[in-house]
Amino acid sequence: MSASQGSTNTNTEPWGSFDDNIIQGSGSAVIDMENMDDTSGSSFEDMGEIHQRMKEEEEVTAEAAATEEDNGEYGEFLGMKGLKGQLGRQVADEVWQAGKRQASKAFNLYANIDILRPYFDVEPNQVRNRLVESLIPVRMINFPQKVAGELYGPMMLVFTMVAILLHGMKTSGTVIREGTLMGTAIGTCFGYWLGVSSFIYFLAYLCNAQITMLQMLSLLGYGLFSHCMVLFITYNVHFHSLFYILWLVIGGLSTLRMVAVLISRTVGQTPRLILCGTLAALHMLFLLYLHFAYHKMVEGILDTLEGPNIPPIQRVARDVPVVANAVVNATIKSIAAVVQSQ
Amino acid sequence: MSQFAGLSDISISEDIPVEGDISVPVGSQNPDDDFSTLDEPVKDTILRDLRAVGQKFVHVLYPKKSSALLKDWDLWGPLLLCVTLALMLQGGSADSGEDGRPQFAEVFVIIWFGSVIITLNSKLLGGTISFFQSLCVLGYCILPLTVAMIVCRIVLLGALSSVSFVVRLIVVTASFSWSTFASTAFLADSQPANRKALVVYPVFLFYFVIGWMILTFSPSP
């Protein structure tokens, strides 16, 4: 990078060549582009390289200062032997330094977790607010709604859901043949979050919706808050009707919020319909699947203990009224028994 | 010969006489040799390491603001605890029909991957602690849960009743909160003040999952 010096007149054209006349004085801020190797100075890799180069320069000067003293000592003290040892040591050092430089360059470029750092820059009250907002559908759909692009909340929600699923699977006595309980739970939750996000992002790309992948991940991640709540309640309290009510209300609210945000960012009736219909279907059906796949058979046990007339429970929707009645009866009987015994 | 000009500074100056004592000093030329432990008997090495591990156990059980866990971290203690916990959660029946209890590999993977994820999370949130220090702290803080596992197994040697369940619940809850408290005493210091809750929650979840695995453990009939 050299700046043109002075105002030498190298006028070769009749109309005046356009390099030196305009550039005046030394210390100008003009960069001579001929000598630059990089084509852009601000891309990500180049910044990494510049950083690395600066660090290396520091290291090299520091080491040169350090080895100066050592080499000085050895040279004086050990004479000829010191020379050979010194050379060998220097060569070995150079090789090691070069290898380390290469490795650390590659590592800093690709395995740098600082890439993800901006997405984790949140405060606890922000996370809390976003959790609550994920259940509140927005009203304004004519104006693109703001979606926070952070990954901390969604990741914590996914892990919480893994923990809740584990609890549900364990208490339902689910037997996993090919695989482990933990692997299935993690696979299900992460697969849903990443897979459905990518799929909806792809659809949004097709339908010309203004949403980035990060925003989609964040939106769907916060939408899992409703799933966590519903599953947490219904894996412990086993009323079918309660589950359906919660599914519709809480699941519905969360879906409505996501759908409203997407609608506000899409134009046209058909794209809106496709995108939001798909998202709504996937979101609600996932909650349904999670409940019924790992459902605890406690109603069946209660029924067989209480009375012989009640048919055994089947895991289909048709028996819901029977089960709900039976469980309500059992609960009332137990409450009556407790009240009487007091 | 100008290309060899750069080599001229490697040559010895003529002032130095090439005579005298050519006894090369044996022993520490570079300071690393002082700490070479290859020559000591194996018993010494093992005892020293065990003593370090034991000292860190004491620090976990009485979590004060000391930096012993952080300054010389080691991963022996976490490995020991992890293997003990995973073996005890096996229960002895190795058939795959009773799939209710976790496999050895499952527990191992949960503990190590969980620790790695919590460490990454705390680093991403701006923590000043290094990767292995954090792994060390999280691993050592599993000690109360391992103790709870031992207690639960002893309790389960008796009858499998609701009393035993309540006792186990209390023991596991106490030890899980102790673990969480101990690890946050070490980890939360390295975070900015208002983000402590963001770091504590994954730790809480991690120890909760391990505590739940311990609580729902039932021995084979």
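Here is a short chat about a predicted model with chains A and B.

Student: Where does UniProt place the feature "transmembrane region" in chain A, and how far apart are the end C-alpha atoms of residues 273-294?

Tutor: The unreviewed UniProt entry puts that feature at residues 151-169, 181-204, 216-235, 241-261 and 273-294 of chain A. Take residues 273-294: the span is 95% helix and 0% strand. Its end C-alpha atoms are separated by 32 Å.

Student: Is Q215(A) buried or exposed?

Tutor: Start with its place, which is in helix α5, residues 213-234 of chain A. Not counting residues up to four places away in sequence, Q215(A) touches V147(A), Q210(A) and R265(A). Its relative accessible area is 16%, and the cut-off for that class is under 20%, so Q215(A) counts as buried.

Student: Which residues have the most contacts inside the largest nonpolar core?

Tutor: That core has 107 residues. One of the two you're after, leaving aside neighbours within four places in sequence, is in contact with residues including L138(B), C141(B), F176(B) and S183(B). The pair with the most contacts inside the core is Y207(B) and I210(B).

Student: How many disulfides are there over all chains?

Tutor: A search of the whole structure comes up with zero. C207(A), for one, is in no disulfide, and the nearest cysteine sulfur, that of C276(A), is 8.8 Å away. A disulfide needs the sulfur atoms within 2.5 Å, so the count stays at zero.

Student: And what relative accessible area does C141(B) have?

Tutor: C141(B) is in no disulfide either, with the nearest cysteine sulfur, that of C136(B), 8.8 Å away. C141(B) is buried, and its relative accessible area is 1%.

Notes
Residues are numbered from 1 along each chain as its sequence is written. Chains are lettered from A and ligands numbered from 1 in the order in which they are written. This is a predicted model: local features need pLDDT of at least 70, side-chain atom pairs count only at pLDDT 80 or more; totals for chains, interfaces and linings use all residues. Side-chain values use heavy atoms; hydrogens and water are left out. UniProt positions are given in the numbering used here, feature names are shortened, and annotations may be inferred rather than shown by experiment. Helices (H or I, at least four residues) and strands (E, at least two) are DSSP runs, numbered from the N terminus. Buried means under 20% relative accessible area, exposed over 50%, partly exposed in between (1.4 Å probe, protein chains only). Contact means heavy atoms within 4.5 Å. A nonpolar core is a set of buried Ala, Val, Leu, Ile, Met, Phe, Trp, Tyr and Cys residues joined through side-chain atoms within 4.5 Å.
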